[in-house]
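Colleague: Please pick one part of this model and go through it closely, for someone who is new to reading structures. After that, show how the part is placed within the whole chain.

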Amino acid sequence: LETTIKVEKGKKTNLEVYPDGNVYILSKKNTKRSFDISFTPNNSIIAPINKGDTVGIIDIYENNVKIKSINAIAGENIERKTYFDNIIEVVENWNL
């Protein structure tokens, strides 16, 4: 599972999110199983963010029953925008 989420006040606006480790689910041979995966981000993701920070929860369901939860972690560092970064952004988006 790899997904991206929005980051507020960061030099980058999107953050790649990964599971915090592998998930193993055992089953009998020749048994077909179906799983649903959902990602719930934390309430707000505000920079600065360090690689490995927990940014949400990944839930794994089988037949609408949650069988496993794992932390979702940031895949990269994102610095907070400085005052100067905000001024540059305004100038670049200025329409004359």
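Modeller: Two strands are said to pair if DSSP finds at least two bridges between them. The model is a predicted one, and the part I choose is the hairpin made by β4 and β5.

Strand β4 covers residues 54-62, and its pairing with β5 is antiparallel, with eight bridges. Strand β5 covers residues 65-74. Two residues lie between β4 and β5 in the hairpin. Asn-63, in the turn, has a positive phi of about 55°. Asn-64 belongs to the loop between β4 and β5, and its phi is positive too, about 60°, although Asn-64 is not a glycine. Most residues other than glycine have a negative phi. Asn-64 has a relative accessibility of 70%. The cut-off for exposed is over 50%, so Asn-64 counts as exposed.

Beside the turn, Glu-62 in β4 stands opposite Val-65 in β5. Is Glu-62 buried or exposed? Its relative accessibility is 16%, and buried means under 20%, so Glu-62 counts as buried. Leaving out residues up to four places away in sequence, Glu-62 touches Arg-33, Ser-34, Phe-35 and Ile-67.

Strand β5 has a second partner. Three bridges join β5 to β2, and these two strands also run antiparallel. One of the pairs to look for in the structure is Tyr-18 of β2 with Ile-73 of β5. Strand β2 in turn pairs with β1, residues 3-6, in the antiparallel sense over four bridges. There, the bridge partner of Thr-3 is Val-17 in β2. Following these pairings, one can go from β4 to β5, from β5 to β2, and from β2 to β1.

The loops come next. Between β2 (14-19) and β3 (36-41) there is a loop that holds Val-23. Which residues does Val-23 contact, apart from its neighbours within four places in sequence? They are Ile-60, Lys-68 and Ile-70. Ile-60 falls within the range 54-62 of β4, and Lys-68 and Ile-70 fall within the range 65-74 of β5, so Val-23, partly exposed with a relative accessible area of 30%, is in contact with the hairpin strands. In contrast, the C-alpha atoms of Val-23 and Glu-92 are 44 Å apart, with 69 residues separating them along the chain.

Asn-30 is found in the loop between β2 and β3. Asn-30 has a positive phi of about 60° and is not a glycine. With a relative accessibility of 82%, Asn-30 counts as exposed. The loop between β3 and β4 contains Pro-48. The peptide bond leading from Ala-47 to Pro-48 is cis, with omega near 5°. Most peptide bonds are trans.

Now for the chain as a whole. The secondary structure amounts to five strands and one helix, in the order β-β-β-β-β-α along the sequence. The radius of gyration is 18 Å, whereas the globule rule gives 12 Å for 96 residues, so the chain is more spread out than a compact globule. The box filled by the C-alpha atoms, taken along the principal axes, is roughly 65 × 25 × 20 Å. Of the 96 residues, 20% count as buried. About 7,400 Å² of the chain is exposed, and carbon and sulfur atoms supply 49% of that area.

Two further values describe the chain. Among contacts between residues at least 6 apart in sequence, 56% join residues at least 24 apart. The 13 positive and 13 negative charges have mean positions that are 8 Å apart.

To return to the hairpin: β4 and β5 are joined through a turn that includes Asn-63, with its positive phi. Glu-62 is buried, whereas Asn-64 is exposed. Beyond the hairpin, β5 is bridged to β2, and Val-23 contacts residues including Ile-60 and Ile-70.

How values were computed: Residues are numbered from 1 along each chain as its sequence is written. This is a predicted model: local features need pLDDT of at least 70, side-chain atom pairs count only at pLDDT 80 or more; totals for chains, interfaces and linings use all residues. Side-chain values use heavy atoms; hydrogens and water are left out. Buried means under 20% relative accessible area, exposed over 50%, partly exposed in between (1.4 Å probe, protein chains only). Contact means heavy atoms within 4.5 Å. The radius of gyration is taken over C-alpha atoms; the globule rule is 2.2 Å times the number of residues to the power 0.38. Accessible areas come from the Shrake-Rupley method with a 1.4 Å probe; for residues, only the protein chains shown count as cover. Lys and Arg count as positive and Asp and Glu as negative; His and the chain ends are not counted. The place of a charge is taken as NZ of Lys, CZ of Arg, CG of Asp or CD of Glu.
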